[in-house]
Amino acid sequence: MGKQGRKRLVSYALFLAALFQCRFLAFAILDPLDFLALQLIRKSMNDLPGSSFFASWDFTSDPCNFTGVYCESDKVIALNLGDPRAGFPGLTGRLDTAIGKLSALTEFSLVPGRVFGSLPMSISQLENLRVLAITRNFISGDIPASLGRLKRLKTLDLSYNRLRGKIPRSIGTLPELTNVLLCHNNLSGSVPPFLSQALTRLDLKRNALTGSLPNSFSPSLQFLSISWNQLTGPVDSVLSRLDQLSFLDLSFNRFTGPIPDRIFSFPLTNLHLQRNSFYGPVQPGDQVKISTVDLSHNMLSGRISPMFSTVQNLYLNHNRFTGQVPDSLVDRLLSASLQTLYLQHNFLTGIGINPTAEIPQSTSLCIQYNCMVPPVQTPCPLKFETQKTRPTSLCNEWKG
């Protein structure tokens, strides 16, 4: 080998040595507590069959290059455990208490899988945490009240787990919360006041919550879902202030009292109040621009407002509405602008549809079991009454 060749070889060797040294230094720069915490977290969890998330977690290399680990300087600032792509297997095992040692962590998420056990109390030590999302696993036990120490927390998502007990009131005091998702658990007790003026999304559906709603929701709220609980009491004073709502679902509870007319002027796309005990007339002050309105299975009464003619899907069945169906609803139905009109099981006495009229195939009309003979025969949903007309005795009794 000539002199030039030897020089190139020496230069290349020096380059490799420098590169190795840089890699070694990059590895060595991670805070020792963070390094140890990641090791303990890895030991407590494994990939489910078909998952290879932990394949890159080789502790002889730089942990900041691990899948799901994000560093800034010598600290881990974000930890996203599991492959977030839909359909990919998640992880199994327990969440180690060492998670609380990642002192600079601002975001922690765990994708759907089979992680079980309780939430480590040590999470409450992560005072910089802004996002905590552990969803669709088998996390059980109570929600630690000490999570109320996470004063910078913006998103709390513990949905689709097996959590039980009460929602700690301390969580409701967190000042910067914008998203709270605790749906599909076994939570009980009352809904605590949520005091954050930045709160936009609150999802508590599919639990066992009881009591009445607190009158302390911020007007910033845009999404509110608390369906499938056991909540009671009136809601008119609570809802009247929430004029930024775009989605509201209070269905399958035991709410009572009137439905505030003002709610129909909110920028809602979906309004679900079915399966409660709301009563009284419903008279929106202007044309309702909400795409889907479901007020079925309540005790609402009076005449049906023509202001509902601009709704696309309208469910008023199983109530106590009386009188004639507004012609404006019929016109919109025949033009296929109103796609669903369910009026069955009321006390309605007439609808202005010619028996020879053709109902558009893209629409669905059900008017069975009212105080009239349906002028047209239309298919109704299964499991509804097979009788086409309400017995005269019941109609006379209602009039009386």
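## Exercises on a predicted model

The protein chain of this predicted model holds six helices and 27 strands. Its radius of gyration is 29 Å, well over the 21 Å that the globule rule gives for 400 residues, so the chain is more spread out than a compact globule.

**Exercise 1.** Describe the overall extent and surface of the protein chain, using the span of its C-alpha trace and its accessible surface.

*Solution.* Begin with the principal axes, along which the C-alpha trace spans about 110 × 50 × 35 Å. Turn next to the accessible surface, which comes to about 18900 Å², with 54% of that area belonging to carbon and sulfur atoms. Then consider burial: of the 400 residues in the chain, 49% are buried. Finally, take the contacts with a separation of 6 or more, of which 41% are between residues 24 or more positions apart.

**Exercise 2.** Determine how strand β5 is paired with β3 and with β7, and name a bridge partner on each side.

*Solution.* Start from β3 (residues 75-81), which runs parallel to β5 (residues 107-110) and is joined to it by four bridges; within this pairing, L79 has F108 of β5 as its bridge partner. Continue to β7 (residues 131-134), which pairs with β5 over four bridges, again in the parallel sense, and here S109 is partnered by A133 of β7.

**Exercise 3.** Decide whether Q324 is buried, partly exposed or exposed, and describe its surroundings.

*Solution.* First place the residue: Q324 belongs to strand β24 (residues 320-325). Its relative accessibility is 38%, and because this falls between the 20% limit for buried and the 50% limit for exposed, Q324 counts as partly exposed. Setting aside residues up to four places away in sequence, Q324 touches R303, T349, G350, I351 and G352. For one of these, I351, the separation from Q324 is 27 residues in sequence, whereas the C-alpha to C-alpha distance is 5.8 Å.

**Exercise 4.** Carry out the corresponding analysis for G172, covering its burial, its contacts and its distance from R303.

*Solution.* G172 is located in helix α3 (residues 169-172). With a relative accessible area of 1%, which is under the 20% limit, G172 is therefore classed as buried. Once its neighbours within four places in sequence are left aside, the residues in contact with G172 are P193, F194, L195 and S196. R303, which is among the residues that Q324 touches, lies 131 residues from G172 in sequence and 41 Å from it in space, C-alpha to C-alpha.

Definitions and conventions: Residues are numbered from 1 along each chain as its sequence is written. This is a predicted model: local features need pLDDT of at least 70, side-chain atom pairs count only at pLDDT 80 or more; totals for chains, interfaces and linings use all residues. Side-chain values use heavy atoms; hydrogens and water are left out. Two strands pair if DSSP finds at least two bridges between them. Helices (H or I, at least four residues) and strands (E, at least two) are DSSP runs, numbered from the N terminus. The radius of gyration is taken over C-alpha atoms; the globule rule is 2.2 Å times the number of residues to the power 0.38. Buried means under 20% relative accessible area, exposed over 50%, partly exposed in between (1.4 Å probe, protein chains only). Contact means heavy atoms within 4.5 Å. Accessible areas come from the Shrake-Rupley method with a 1.4 Å probe; for residues, only the protein chains shown count as cover.
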